[in-house]
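User: Can you walk me through this structure? I'd like to start with how the chains touch.

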Amino acid sequence: MAGPAIELIGINKSFGTVRANRDINLEVERGTIHGIIGENGAGKSTLMSILYGFYQADSGEIRIGGKTASIRTPNDAIAGGIGMVHQHFMLVENFTVVENIILGAEGEPLLKRSIGKARSELQRLEREYGLDVDPDAVIEDLAVGLQQRVEILKALYRGAEILILDEPTGVLTPAEADHLFRILRMLKDQGKTVVLITHKLREIMAVTDTVSVMRQGTMVATRRTAETTVEELAELMVGRRVLLHVEKGKASPGPVKLAVSGLTVRDQRGVVMVDNVSFEVRAGEIVGIAGVAGNGQSELIEAIAGTRRAQSGAVMLDGKAIDVTGHADPGDLRDRGLAHVPEDRHHVGLVLAFEEAENSILGYHDKPQFLKGPLLDVEAIHADARDKIEKYDIRPPNDRLRTANFSGGNQQKIVLAREMEQDPGVLVVGQPTRGVDVGAIEFIHKRLIAMRDAGKAVLLISVELDEIRSLSDRILVMFAGRVVGERGPEASEGELGLLMAGVVKQEAA
Amino acid sequence: MAFLDALVQLLDATIRVSVPLLLACLAGLYSERAGIFDIGLEGKMLAGAFAGASAAAVTGSAWIGLLTAILAAVFLGLVHGFASITHRGNQIVSGVAINFVVAGSTIILGQAWFRQGGRTPSLAGPARFEAITLPGAEALREVPVIGLIYSELISGHSILVYVAFLMVPLTWWVLYRTRFGLRLRAVGENPAAVDTAGISVTWLRYRAVILTGVLTGIAGAYLSVAQNAGFVKDMTAGKGYIALAALIFAKWKPVPAMFACLLFGFLDAASIRFQGMAWPVIGKVPVQFINALPFVLTVILLAGFIGKAIPPRAGGVPYVKER
């Protein structure tokens, strides 16, 4: 076969009145890793779903290996050598690896021989690509990174020459993401073509050969990765200049606002997640807690915010104790000036079925300004919501829209607006920019710095090391539930990375 | 020997009352494993019982009765499928509607056709599935214990009883050893995975509700053409719901489903046997209490004894391709 692996010519797709893809042209060379970058809602996933036969394009042509292909169902795509690793894995969780691999590609009515065939094929794939995974393991027992490997194996088992990955690192830890990139490079070396969809600039720079940028349903540019910069790509994505690193002055820390001493938290199984952690956060500083996900950061901020009970230790807010080992009441903490932006906005931060205005007062709904006697003052609530929408540039600016219909970045702004506008003395923020667009990240970072400059104490946890480094005045690194080191914001990525991996150099005694 | 006789009789009754439960339970298993909750087992069984008895009464053939019962139940299964698969309706509402419609219409049609107060004419001879005597049953009767068990417990049931128990290993084999079974289990857990693997979710789920129809049809025919000699109104008497309870109890697995149905059947058989019997210490227990016992026990067993029963993850949720 000659010609590029994939050619898309003049692809158009509308959902109702929304034009998700407009006149898209794309050429992906064989044996390369081609990145497609764009903000959430730019039309990347729609385009790839068209290529995979999940949707039909309204018009346009798809060519695979130089030949026009009619892709009407995923079956056609699979037959054309296209495999897809979806953002949310398409795995049956209580099936074994081998059962998931053969599903839909069993070949014959009885399973015995197809499973046998799959086993030997898995062994071959393991030899060729180093993709080892226990064929009899049950999916739900596997780490997320391994589940993703099963998805890749599924595609390879079906003979995929072209592998599309949709936001593959969203669910991975940095180490798992690096591992994935190694796998992708190996696939490329074996002659496979990889299409990587992401909104993370770092990943594009790290792994791709060529990158195409999408914005609002159109393909705005294609560049060789080696010949472009993060700044240029960000500008192409958002359509204006974006500051990737917030400018901030020196912190001028004031009195201690939040003091944590000897805090220990166990999870439901009794495993120690936070192990005797002590630190302070002063007014006018941002303390960042870095660490690979799952090293106790989540449990730490939940205990401080009163949504999880600690086993021992003390937390003082403005010199007065919070009953972290007993029944700390998050509502009471809010009254005392501790605001909490939870890590998981979908399940903890918001009620997705509510209107925007309802979410924008959630937890503060019993404040006098939102009440008229025993009833909610609906007018005041909506006026307040519109005010926040304007101030935080929440789009679309509709306070009656269901929260589920906002993009991730705008949902996060709703939570931030709610917590920040109460003018708290202490702000505890978890993963403020997870799943958020570049443009919104810039905005959120600026607001956090503004909080700091207004003399608030900010405690930030994030698995994005860049974010920790660019925002924090002091960085604490957590590993296996303990704070293993404190560094200034000038600490190098490598140094922090080692600490995050639990490698502690002998500190000056 | 009197005790053994009584025990064998009790177990024999257990088998007879377990059969409709077992068939309905396996029927529900196919549907629910595919992600379609089916509270309409009761209605389909009742429709099967009525259609089977009517056809057998008119044609004089039990086999035509069975076939008609299956057709009626499959038709209702397809109605449920049309509502909940094609139109993505609420599966509980659709199931309950089927139960109501069948409960009412069987009586109306029965009265209109046969004028016996909603009953169908009494069946006899070839219009009914008679008990089969297995080879050697008579010869072995005199052998102690084994002979009794073979001739009384194992032999002497209608063909549908054997069909019901054969369905257990067959269902297991289909579920775990065939491509269809793999896909059926997958579609009940994660239909999106099935869809992206290039398999039609809709067709797969329709096949599941058809199988549910076939088995509930057999269950209905057993009630009216084998166990009894005709249709009586509401003759399923909640068996469809007990079958659902047994399905949960068995965690949606075929072999445990058989044991669950046998257990519920045993409680039912025992309640009939112990009615009016005077117990030591307690004395005579009211009939109502004995009748309620299977249900009480069901609640207790389901609440505490089986651990967490995790239903198929996609159960009850219509499949919509995500944007």
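Analyst: What follows covers the interface, then some backbone features. This is a predicted model, in which local features need pLDDT of at least 70 and side-chain atom pairs count only at pLDDT 80 or more, while totals for chains, interfaces and linings use all residues. Residues are numbered from 1 along each chain as its sequence is written, chains are lettered from A and ligands numbered from 1 in the order in which they are written, and side-chain values use heavy atoms, with hydrogens and water left out.

User: How many residues does each chain give to the contact?

Analyst: Chain A gives 29 residues and chain B gives 24, where contact means heavy atoms within 4.5 Å.

User: And what area is buried between chain A and chain B?

Analyst: About 2,200 Å², with 58% of it on carbon and sulfur atoms. Buried area here is the accessible area (1.4 Å probe) that two parts lose on being put together, summed over both. On the chain A side, A:Phe54, A:Leu103 and A:Leu111 lose the most area to chain B, together 24% of what that side buries.

User: How many salt bridges are there between the two chains?

Analyst: The count is four, a salt bridge being a side-chain nitrogen of Lys or Arg within 4 Å of a carboxyl oxygen of Asp or Glu. One of them pairs A:Glu106 with B:Arg183, whose closest N and O atoms are 2.6 Å apart.

User: Which elements of chain A give two or more residues to that side?

Analyst: Helix H2 (74-79) and helix H3 (97-102) do. Helices here are DSSP runs (H or I, at least four residues) and strands likewise (E, at least two), numbered from the N terminus. H2(A) supplies the largest share, three residues.

User: New topic. Where is the cis peptide bond in chain A?

Analyst: It runs from A:Arg395 to A:Pro396, with omega near -5°. A:Pro396 is in the loop between helix H13 (378-391) and helix H14 (408-420) of chain A.

User: Which residue of chain A has a positive phi although it is not a glycine?

Analyst: A:Gln216, at about 45°. Most residues other than glycine have a negative phi. A:Gln216 is in the loop between strand S9 (210-215) and strand S10 (218-224) of chain A.

User: Is A:Gln216 buried or exposed?

Analyst: A:Gln216 is exposed, at 62% relative accessibility. The cut-offs are under 20% relative accessible area for buried and over 50% for exposed, with partly exposed in between (1.4 Å probe, protein chains only).

User: What is phi for B:Arg115?

Analyst: Phi of B:Arg115 is near 50°, again positive in a residue other than glycine. B:Arg115 sits in the loop between helix H4 (91-114) and strand S1 (131-132) of chain B, and is exposed with a relative accessible area of 62%.
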